[in-house]
Amino acid sequence: MFVQEMDHMSPRLRAFLSEPIGEKDVCWVDGISHELAINLVTKGINKAYILLGQFLLMHKNEAEFQRWLICCCGATECEAQQSSNCLKEWCACFL
Amino acid sequence: MTTSQKHRDFVAEPMGEEPVGILGKKLEERGFDKACVVLGQFLVLKKDEDLFQEWLKHTCGANAKQSQDCFGCLREGCDAFL
């Protein structure tokens, strides 16, 4: 990824994209607020890779993923958009 | 433990959009047409060996060896790239 592209990213997104996902907690995903992270952990989604898995299961369809995150996990539109963008960018970098 | 050439090829590079040749048409029929979608299922099952193999057997009739091989492949791929 070019340096200029990363300059426009939030520090949180840049940090998330700077290395493999590993065993990072779900709160590391850009767009996942503290409250949303609690909701996700309650549903068993405690790791970022599980959220990534859900995104992949939805064929990386951002609209579908956002709908699921809003309806099933209580995300706001903004949180859903940021996190789907984060996962999309991660897939582009690492998959 | 020796691995097949297919296994080594699969693990050697990031998975992405390649077709699920290993698992066959049944997975495709159920919407799992790309390796990354099967990876998604693996991750959603928290990389649990028993759960994933059970899912694979149930979804496409994979036998024990096939499901073990698939699990092993995905686990190694994740260790290398995820």
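# A guided tour of chains A and B

From the N terminus on, chain B runs through its elements in the order α-α-α-α-α. The model on the screen is predicted. With chain B selected and coloured by secondary structure, the viewer should show five helices and zero strands.

**Chain B as a whole.** Keep chain B selected and display its surface. About 4600 Å² is exposed, and carbon and sulfur atoms supply 51% of that area. Of the 82 residues in this chain, 43% count as buried. Contacts within the chain may be considered next: among those between residues at least 6 apart in sequence, 43% join residues at least 24 apart.

**Helix α2 of chain B.** Select residues 25-29 of chain B, which form helix α2, and locate B:Leu27 there. Is B:Leu27 buried or exposed? B:Leu27 counts as buried, because its relative accessibility is 0%. Then add B:Asp69 to the selection and draw a line between the two C-alpha atoms. B:Leu27 and B:Asp69 are separated by 42 residues in sequence, and their C-alpha atoms lie 16 Å apart in space.

**Helix α3 of chain B.** Move on to residues 35-44 of chain B, the span of helix α3, and select B:Gln41 within that helix. The relative accessible area of B:Gln41 is 11%, and a residue is called buried when this value is under 20%; B:Gln41 is therefore buried. Which residues are in contact with B:Gln41, once its neighbours within four places in sequence are left aside? They are B:Phe32 and B:Trp55 in chain B, together with A:Leu57 in chain A. Showing these side chains as sticks brings both chains into view, and A:Leu57 leads the tour to chain A.

**Chain A as a whole.** Select chain A and colour it by secondary structure. Six helices and zero strands are present, in the order α-α-α-α-α-α from the N terminus on. The radius of gyration of chain A is 12 Å, close to the 12 Å that the globule rule gives for 95 residues, so the chain is as compact as a globular protein of that length. Along the principal axes, the C-alpha atoms of chain A fill a box of roughly 35 × 25 × 20 Å.

Next, display the surface of chain A. The accessible surface comes to about 4800 Å², with 55% belonging to carbon and sulfur atoms. Buried residues account for 46% of the 95 residues in the chain. Of the contacts in chain A with a separation of 6 or more, 49% are between residues 24 or more positions apart. Colouring by charge shows 8 positive and 12 negative side chains, and the centres of these two sets are 3 Å apart.

**The cysteines.** The last stop concerns the cysteine sulfurs of both chains. How many disulfides are there over all chains? The count is zero. Two cysteines illustrate the point. Select A:Cys72 and A:Cys73: the closest cysteine sulfur to that of A:Cys72 is in A:Cys73, at 5.9 Å, which is too far for a bond, because a disulfide requires the two sulfur atoms to be within 2.5 Å. A:Cys72 is partly exposed, at a relative accessible area of 42%. Then select B:Cys73 and B:Cys70. The sulfur of B:Cys73 has its closest cysteine sulfur in B:Cys70, 6.9 Å away, again too far for a bond. B:Cys73 is buried, with a relative accessible area of 7%.

Notes. Residues are numbered from 1 along each chain as its sequence is written. Chains are lettered from A and ligands numbered from 1 in the order in which they are written. This is a predicted model: local features need pLDDT of at least 70, side-chain atom pairs count only at pLDDT 80 or more; totals for chains, interfaces and linings use all residues. Side-chain values use heavy atoms; hydrogens and water are left out. Buried means under 20% relative accessible area, exposed over 50%, partly exposed in between (1.4 Å probe, protein chains only). Helices (H or I, at least four residues) and strands (E, at least two) are DSSP runs, numbered from the N terminus. The radius of gyration is taken over C-alpha atoms; the globule rule is 2.2 Å times the number of residues to the power 0.38. Contact means heavy atoms within 4.5 Å. Accessible areas come from the Shrake-Rupley method with a 1.4 Å probe; for residues, only the protein chains shown count as cover. Lys and Arg count as positive and Asp and Glu as negative; His and the chain ends are not counted. The place of a charge is taken as NZ of Lys, CZ of Arg, CG of Asp or CD of Glu.
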